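The following paragraphs lead the reader through one protein model, beginning with a sheet and ending with the fold as a whole. Please keep the sequence and the structure in view while reading.

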Amino acid sequence: MSNPPILKRVTGRTRVMFILGDPVAHIIGTAILNEDFFRHGVDATVSPLHVAPGDLGQVVQAIRAMRNVAGFGVTIPHKIAVIPHLDRTTGRAAGIGAVNFVRREADGTLVGDNVDGIGFVAGLRRNGVEVAGRRVLQLGAGGAGRAIAFALAEAGASRIAIHNRTEDRALALARAVAAAYPACATTAAGPDSAGHDLVVNTTSLGMHEEDALPADLAGLDAGAVVADVIMAPETTPLLEAAAARGCRIIRGKEMLLDQPRLVREFLAL
Ligand SMILES: NC(=O)c1ccc[n+]([C@@H]2O[C@H](COP(=O)([O-])OP(=O)(O)OC[C@H]3O[C@@H](n4cnc5c(N)ncnc54)[C@H](OP(=O)(O)O)[C@@H]3O)[C@@H](O)[C@H]2O)c1
């Protein structure tokens with residue numbers, strides 16, 4: 001049991017954090033962060049806050065006045081809606097158009113960032129996969145896809161081809177990434193993986209047994225890496241197909257493992 005010792009050590013010196021969501025019953029990020037703070041000797045604690053969309057502005061305004069609060073996370077449905085209530089966002093969160101962590105500075109200033117994509121890139125790096133110079137096929141242009149495309153470009157991918165069921169979203173994301181990172185050739189594309197050396201699934205395809213594969217791996221070189229953001233099942237049919245071709249695979253859980261460190265760094269804990 002790791003929770004009782006964590007709770008017992010909360011004092012008036014402890015930095016407090018929240019994760020705002022609606023609903024909150026499924027949130028486990030709080031437990032992961034509390035465990036991480038405990039292991040690293042960081043005097044901080046995190047609690048979920050159940051906040052309905054209509055109350056978000058009022059809650060964020062109240063947090064400005066809470067002087068022992070280091071910041072807060074935001075999850076569904078607040079990742080976009082929180083932005084107008086903040087003082088500023090990092091360039092990366094502005095490009096992505098969504099925030100998942102907010103730092104509260106000493107004077108109550110609130111700064112939003114998004115660490116989903118850099119968490120994904122950190123997961124690749126921890127597994128020995130460098131993004132610099134890679135030709136990427138990214139499947140999906142939803143919330144996770146936007147964060148990951150910006151992070152891949154920031155990490156030095158040479159090309160990103162984005163395929164999405166709704167092509168307009170792929171086009172809009174490709175244009176936004178290309179404008180922010182002109183050195184990375186980012187375009188909307190089809191689902192053909194030939195000629196790519198990193199394939200990333202950011203769609204929800206693969207969560208259900210009846211789902212089609214999100215990409216055609218027929219032309220994929222065995223030296224390519226295939227990564228998926230889906231956490232359940234742990235090894236998606238796409239990853240199984242990639243492994244059968246001899247490709248290196250990176251599972252969805254890898255994207256989460258570096259997030260506590262990234263949150264500690266962003267909140268200066
Ligand atoms: N590992 C992690 O830490 C982590 C973090 C965040 C998210 N995720 C996972 O990432 C996945 C996407 O989450 P999200 O927040 O980005 O969701 P989202 O914003 O709703 O985007 C969903 C994406 O999947 C595509 N899609 C959905 N159903 C499809 C279908 N039947 N055929 C083809 N494409 C389909 C959507 O295409 P359209 O644009 O055409 O709708 C869109 O690109 C989820 O499985 C989520 O659990 C994992």
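**The open sheet**

Six strands, arranged in the order 2-1-3-5-6-4, make up an open sheet whose pairing is mixed. Strand 2 (44–50) and strand 4 (88–89) lie at the edges; each has a single partner strand, so one side of each is left without a neighbour in the sheet. The model under discussion is a predicted one. Within the sheet, strand 3 (residues 69–74) pairs with strand 5 (residues 101–104) in the antiparallel sense, over 3 bridges. At this pairing, Gly-73 is placed opposite Phe-101 of strand 5. In general, the strands of a sheet are paired through backbone hydrogen bonds, in either a parallel or an antiparallel manner.

Parallel pairing is found further along the chain, around strand 11. Strand 10 (residues 198–201) and strand 11 (residues 225–228) are joined in the parallel sense by 4 bridges, and Val-200 stands opposite Ala-227 of strand 11. Strand 11 also pairs with strand 12 (residues 248–250), again in the parallel sense, over 3 bridges. Here the bridge partner of Val-225 is Arg-248 in strand 12. Which way do the side chains of strand 11 point? Val-225 and Ala-227 are directed one way, whereas Val-226 and Asp-228 are directed the other way, and all of them are buried.

Two further residues illustrate contrasting degrees of exposure. Gln-138 belongs to strand 7 (residues 135–139). Is Gln-138 buried or exposed? Gln-138 has a relative accessible area of 0%, and because buried means under 20%, this residue counts as buried. Leaving aside residues up to four places away in sequence, Gln-138 touches a set of residues that includes Gly-145, Ile-148, Ala-149 and Leu-152. Ile-160, Ala-161, Ile-162 and His-163 are also among its contacts, as are Leu-173, Val-200 and Thr-202. Val-200, which faces Ala-227 across the pairing described above, is thus one of the residues that Gln-138 touches. The C-alpha atoms of Gln-138 and Ala-149 are separated by 7.5 Å, the two residues being 11 apart along the chain.

Ala-189 is located in the loop between strand 9 (185–188) and strand 10. Its relative accessibility is 31%, and Ala-189 is therefore classed as partly exposed. Apart from residues up to four places away in sequence, Ala-189 touches Ala-161, Ile-162 and His-163; these three residues are also among those touched by Gln-138. Between the C-alpha atoms of Ala-189 and Val-177, 12 residues apart along the chain, the separation is 14 Å.

The account now turns to the protein as a whole. Its secondary structure comprises 10 helices and 12 strands. For 269 residues, a compact globule would have a radius of gyration near 18 Å, and the value of 19 Å for the protein agrees with this. Taken along the principal axes, the box filled by the C-alpha atoms is roughly 60 × 40 × 35 Å. Buried residues account for 48% of the 269 residues. Among contacts with a separation of 6 or more, 69% involve residues 24 or more positions apart.

At the surface, the accessible area comes to about 12400 Å², and 55% of it belongs to carbon and sulfur atoms. The protein carries 27 positive and 27 negative charges, and the mean positions of the two sets are 7 Å apart.

Key
Residues are numbered from 1 along each chain as its sequence is written. This is a predicted model: local features need pLDDT of at least 70, side-chain atom pairs count only at pLDDT 80 or more; totals for chains, interfaces and linings use all residues. Side-chain values use heavy atoms; hydrogens and water are left out. Helices (H or I, at least four residues) and strands (E, at least two) are DSSP runs, numbered from the N terminus. The radius of gyration is taken over C-alpha atoms; the globule rule is 2.2 Å times the number of residues to the power 0.38. Buried means under 20% relative accessible area, exposed over 50%, partly exposed in between (1.4 Å probe, protein chains only). Contact means heavy atoms within 4.5 Å. Accessible areas come from the Shrake-Rupley method with a 1.4 Å probe; for residues, only the protein chains shown count as cover. Lys and Arg count as positive and Asp and Glu as negative; His and the chain ends are not counted. The place of a charge is taken as NZ of Lys, CZ of Arg, CG of Asp or CD of Glu. Two strands pair if DSSP finds at least two bridges between them.
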